[in-house]
Every structure is written in structure tokens, then in C-alpha cells.
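Trainee: Can we go through this one together? I'd like to know what stands behind the labels people put on it.

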Amino acid sequence: MTVRRLLPHASTIFSEVSQLATRHGAVNLGQGFPDTDGPPAMLEAAARAMREGHNQYPPGQGMPELRLAVADHVAHHTGLVHDPDTEVLVTVGATEAIAGAVVGLVEPDDEVVVIEPYYDSYAATVAMAGATRRSARLVRDGASFRLDVDSLRAAFSPRTRAVLVNTPHNPTGAVLPPEDLEAVAALCHEFDAIAISDEVYEHLTFDGHEHVSIATLPGMRERTVRISSAAKMLNCTGWKIGWMTGPEELVSGARAAKQYMSYAAGTPLQLGVAHALRHDGAWIEQLRATMQAQRDQLVGILSGVGLDLAVTHGTYFLAADPRPLGVTDAAAWCRELPAEVGVAAVPFAGFVDDFAGDFAHLARFAFCKSPAVLEEAGRRLQALAG
């Protein structure tokens, strides 16, 4: 029998929508995974590592080659310098990194601030830690989304241990500006809290927008766990290779929890990712251009059938408002779409709790699919325009 604290998280909208997509043969624009592989040299490096016998447990903190490659990659892109032996931890995807950080650094009588809408694992990991979740929110600001600073301040208290930050942001596609991150940092200093920063889409920003890590703000390196992943950077979501960087005392706390979750991620896959971080920077940059073009393609499709769209400056996702079509309950609409139209999307209802009413009209569409798949989705979605 599932424990009470996890009952609200026993199933996810992602699995429900994916099952509906499979049942009805729908084009799945709900779940955020690409349909093309990562760099060929990365795949070959992983295969070569298998052939050469790298098929046993790696060190619990990750293969030294990958930890060093991560430290160098982070230093190159952010200026943050980390000791690969004590300040880098390899995890089974970013989701485990988030769970390890929360469970390993938050006490049961602590509070954790989350910013709605948020990736669904955030609330679940706070529940696993036995801590109390407090919510702030994003709000529509013109064409995109910004942090509601007043709601953030209201969520902090003397019991606040951590705040979970995500930019580029899933599901809205927003890239939070430095002013928003400065507001978070100021409250972390005021309440002596840490930031757990989910930056898995750090290289997927568009239209000249650049990602800023909260760890680079004054005084935040020593109180930030920065999390990223090969999944979104290198089109290998099934490999589940993530990492965290931060000060030794925070990383060691997260490692104490993480080692009892999985112990370690796949050895040859770690070596493949290490190779890619060293040698495939041009591929990563090209992926950004490819995703921007696919975003533009899906914008044309969705706006063409009458949906109102927020501007996406990062990630894989578009936030779509179907109210111009007479739809007010996006969750019900998303459950109907696979059967009625043959396309799947995910409602924002799966990303919110305390501010559910603010987002009940929104759905998330993923554009990390090939142009041909998006074209087929567009053909099917024309039924909405009729």
C-alpha cells in the first residue's frame, strides 16, 4: 500500500497521455523526448567503451572522465570552477539529482519553495523528504512568463531550507531574466536558504536569449546545487546521465542520499557523454538552431488552427491556450485530443497544485520532433480549425 505522502504522486499525467496516444495511434507531442539520436561520435564512444570491457560498476560519484568533462564544460559556459573529485556528482538523470539534493539536504521539519508550474517530480521529492512544500508562481507577462516576486516572498519563511529553480523553464518555455533570479537570490540570502537549480535546458535557448545560472550571481555559488543532464543537451533521454555541481558540503549531502537510490549510472554511457562534452560542442550548438526551427514550425501550426501561444525562448515546449476554440478545461481537452484529432498534448494541470486555477486553460506541446512528424501533427490538427 502506497504511503500517504506519495498518494498524490502515484501516477502522472505524462504516462496517462502517452497511453492514450499509443491506444489511438496519435502523434505524441505531449512527452518531451526527441525522435533523433545524439552525436554519432558519442554513440560510438559508448559502444567502444562496452567492447573494451567498461561494463561494471563505476565509482559511486561517477566516472572520473565524466566528472572532469562536466567541470570543464561548466567552467567554459558559466565561469564557475569546481573540483571534479568533490564538487561534481554524476546521477541517473537530472530527476535523480533533484531527488538526491532534496532528500539529502532537507530535514522533515523544513520547507521547500517551488515555483508553479513546475516539473512534477519536484513536489514528489519534497514529499519523499517529508518536508513541507510552499508554492510561488510564474505569471503571464506580455508574450511570455515572469516570476511573481510577491508570491515568492510570501512563500519564504524562517523554516525555508531550499528553493527549486528551473530555467529555461518547463513547461512555459520561459528563460528567466537576471532580475528574476536576483529576486530569488536575495531571498536565499535573507532566509539563509539554498537554491536547487534545474538547468537541463541550459543550451536550448532561442532568439538570442542566453541562459544565466543563479549560481553565478554574487554569493550564490556557495549556496547553489546546479543540475544539468546529457538528455536534453545531447538527445539521449534514455541514457539517464545527469550531474550536479556545487560546493562540497552540498554535493556530499546529496551524494549521501543518491548512493542509496541507484548507486551509479551506466559506465559506458558515462564515457560516451564525457566524449561528447569534450568534442561535440558544435553539435550542441547546431541542436539549438534545429530546435528553434522546429519551434517556429509548431508555432505556425498551432497559431494557424486558432490557439493563443506564449512566446517560447527555451526548452522543447510551447504553452498553448485553447480558449479561442471555446475550450476552458485544458485537462479534459488533452484527454480527448488523441481520440478525436490524433495528436497528444499535456495539460498544465500536471504541473500545478496551489495555483491550479491560474493555469487550467493551458496545454503543453513539444516541438522536439522531426519536421515530418510535426507536419503530420499539423495535418491532423486542422480538424480543430474546422
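Trainee: What makes E13 and E14 a pair?
Mentor: Strands count as paired if DSSP finds at least two bridges between them, and E13 and strand E14 (residues 363–366) have two bridges, in the antiparallel sense. So the pairing criterion of at least two bridges is met. One bridge puts Pro-347 opposite Ala-363 in E14. The strand names come from DSSP runs numbered from the N terminus, with at least two residues for a strand (E) and at least four for a helix (H or I). Mind that this is a predicted model, where local features need pLDDT of at least 70, side-chain atom pairs count only at pLDDT 80 or more, and totals for chains, interfaces and linings use all residues. Residues are numbered from 1 along each chain as its sequence is written, and side-chain values use heavy atoms, leaving out hydrogens and water.

Trainee: Why is E13 called an edge strand?
Mentor: The open sheet runs E10-E11-E14-E13 with antiparallel pairing. Strand E13 (346–347) pairs on one side only, as does strand E10 (308–309), so both are edge strands.

Trainee: Which strands does helix H12 lie across?
Mentor: H12 (residues 330–340) lies across E13 and E14, at about 40° to E14. Contact here means heavy atoms within 4.5 Å. The angle runs from 0 to 180 degrees between N-to-C directions, with axes fitted to C-alpha atoms, for helices over the stretch in contact.

Trainee: How do you know that Asp-72 and Arg-278 form a salt bridge?
Mentor: The term asks for a side-chain nitrogen of Lys or Arg within 4 Å of a carboxyl oxygen of Asp or Glu. For Asp-72 and Arg-278 the closest N and O atoms are 2.5 Å apart, so the pair qualifies. Asp-72 sits in helix H3 (residues 64–78) and Arg-278 in helix H10 (residues 267–279), so the bridge ties together parts 206 residues apart in sequence.

Trainee: Is Asp-72 buried or exposed?
Mentor: Neither label fits: buried means under 20% relative accessible area and exposed over 50%, with partly exposed in between (1.4 Å probe, protein chains only). Asp-72 has 35%, so partly exposed it is. Arg-278, at 41%, also counts as partly exposed.

Trainee: What about the bridge between Arg-223 and Asp-192, how far apart are N and O?
Mentor: They are 3.3 Å apart. Arg-223 is buried at 16%, whereas Asp-192 is exposed at 54%.

Trainee: And how many salt bridges does the whole structure have?
Mentor: The search finds 27.
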